[in-house]
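Colleague: Please pick one part of this model and look at it closely, then follow the surroundings outwards from there. I work at the bench, so spell out the cut-offs as you go.

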Amino acid sequence: MTQPSGPGHTGPTGPSDPGHTDPAADFHQRIIDDAAAAVRGLSVSLGERLGLYRVLAEQGPLTPGELSLRAGIAPRYAEEWLHAQLSAGYVERHPSSDKYTLPAEHASVLAQPEAPTYAAGFFTALKALYATEDLLLDAYRSGEGVGWAEHDPALDTGMGSFFQPTYQHRLLSDWIPALHEVSDKLADGGTAADVGCGVGHTTRLIARAFPHARVYGFDYSEEAIAIARQLADDEGLGDRVVFETASADDYPGTGYDLVTFFNCLHDMGDPVAAAQHVHKSLDPDGTWMLVESNVSPADIHTHTPPARMFMALSAVMCLPVALAQRGPHALGNHSGERAFRAIAEEAGFTRWRRATETPVNAVYEVRP
């Protein structure tokens with residue numbers, strides 16, 4: 001017999017007794033929250049790609065009609081998108097004027113790619129990750145992987161946008177200066193190889209900062225290298241940085257003063273072979289700068305935002321990419337410092353130091 005949903009009964013929003021707790025209902029709400037975040041991510045990607053956050057930040061407060069006109073989107077979609085942003089707490093509405101505002105502290109996260117807190121670019125990678133769900137389904141059953149090249153190029157740009165603000169604000173001011181004599185060597189015309197460079201954000205940063213250095217970017221994704229070359233040409237760096245398609249264990253050149261790996265060693269099927277090739281390609285007094293996620297196996301039990309992000313990415317992107325290479329290792333992105341140091345030592349490196357860190361990244365100085 002069905003009970004009515006009224007006073008004293010449980011309605012669609014939960015028990016009426018404020019002192020009553022229901023773990024299943026609480027967890028159900030947690031899943032609803034996560035589902036809402038997953039769907040909302042698409043609205044964030046649309047807002048980033050269409051420039052809606054930027055228009056709100058630069059020209060707001062705006063009515064839906066004004067946003068429609070200034071951003072070049074249909075009026076009805078402008079209204080609905082703003083409702084979604086309001087529901088999420090991303091924007092504020094002034095009831096008397098029906099104008100919407102993107103608060104300044106939100107603008108630095110959603111509308112300003114140059115800000116260190118910018119994160120909206122990540123959501124453009126969702127197109128690529130969700131599109132490979134069927135491939136992941138098969139991979140989970142077979143034990144095989146899903147290679148980076150099997151994803152839409154949006155994965156390159158989205159992940160690049162996610163890490164770029166940190167690189168932009170940390171690489172030249174904190175990370176390279178934390179390495180022994182590396183800045184001086186590059187300033188004096190040294191050589192640097194950026195391995196797993198993706199679309200080349202970090203490669204171009206180094207080339208701009210050290211105009212006398214010879215800078216090379218290597219990645220096994222032909223799509224990423226094509227984007228990197230175009231971006232370098234667009235920025236007038238085409239004659240100062242060279243991008244080539246190559247993997248981490250066969251990229252060309254020797255005698256490098258600096259070799260960099262930015263959040264990519266854990267994606268490799270044979271990280272030991274990659275580390276051995278770094279050892280062989282470095283100058284005897286050179287430096288391998290290894291940047292990895294600042295999480296470890298112990299963080300499986302934590303619920304910090306970075307840990308939750310990395311654990312999820314590892315299950316759907318990092319581990320499948322490593323397994324696709326059919327090497328002897330498939331680390332995942334939270335292997336931790338102990339695992340990375342063991343790989344370096346097996347490859348012949350004798351000096352290891354955690355040079356600096358952020359809440360998201362650990363920067364290791366590794367030397368022969």
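**A close look at E365**

Modeller: Leaving out residues up to four places away in sequence, E365 touches A178, L179, H180, T287, W288, R351, W352, R353 and A355; contact here means heavy atoms within 4.5 Å. The model is predicted, so local features need pLDDT of at least 70 and side-chain atom pairs count only at pLDDT 80 or more, whereas totals for chains, interfaces and linings use all residues. Residues are numbered from 1 along each chain as its sequence is written, and side-chain values use heavy atoms, with hydrogens and water left out.

E365 is found in strand β9, residues 361–367. Helices (H or I, at least four residues) and strands (E, at least two) are DSSP runs, numbered from the N terminus. With a relative accessible area of 7%, E365 is buried. Buried means under 20% relative accessible area, exposed over 50%, and partly exposed in between, computed with a 1.4 Å probe on protein chains only. The side chain of E365 reaches the backbone nitrogen of H180 at 2.7 Å. That is a polar contact: a pair of N or O atoms within 3.5 Å, where within protein one must be able to donate a hydrogen and the other to accept it, and residues adjacent in sequence count only if both atoms are side-chain atoms.

T287 and W288, which E365 touches, also lead to V259. V259 lies in strand β6, residues 256–262, and counts as buried at 0% relative accessibility. Besides T287 and W288, V259 touches A193, V195, Y251, V278, S281, L282 and M289, again not counting residues up to four places away in sequence. V259 and A192 are 67 residues apart in sequence, but their C-alpha atoms are 5.7 Å apart in space.

Strand β7 (282–293) leads on to helix α13: the buried residues of α13 pack against β7, as well as against α6 (126–131), α7 (133–142) and α8 (154–175). Those buried residues are A307, F310, M311, L313, S314, M317, C318, P320, V321 and A322. An α-helix has 3.6 residues a turn, so residues three or four places apart point the same way. Helix α13 has 20 residues (305–324), which at 1.5 Å a residue should span 28 Å, and its end C-alpha atoms are 28 Å apart, which agrees. The expected span is 1.5 Å times one less than the number of residues. At S314, α13 bends by about 60°; the bend at a residue is the angle between axes fitted to the seven residues ending there and the seven starting there. R326 follows α13 and has a positive phi, near 55°.

Next come the charged pairs. The structure holds 16 salt bridges, each being a side-chain nitrogen of Lys or Arg within 4 Å of a carboxyl oxygen of Asp or Glu. In one of them, the side chains of R354 and E337 meet at 2.9 Å, N to O. R354 sits in strand β8 (residues 351–357) and E337 in helix α14 (residues 337–346), so this pair links distant parts of the chain, 17 residues apart. R354 is partly exposed at 31% relative accessibility, and E337 is partly exposed with a relative accessible area of 26%. Elsewhere, salt bridges that share partners join R30, D34 and R308 into one network.

E235 takes part in two such pairs, with R204 at 3.0 Å and with R208 at 2.4 Å, both N to O. The R208 pair links distant parts of the chain, with R208 in helix α10, E235 in the loop between α11 and β5, and their positions 27 residues apart. R204 is buried, with a relative accessible area of 4%, whereas E235 at 38% and R208 at 39% are partly exposed.

R240 is placed in the loop between α11 and β5 too, and is partly exposed at 28% relative accessibility. Its side chain reaches the backbone oxygen of A207 at 2.3 Å. Leaving aside neighbours within four places in sequence, R240 is in contact with A207, R208, F210, P211, A213 and V215. R240 and Y220, 20 residues apart in sequence, are 21 Å apart in space, C-alpha to C-alpha.
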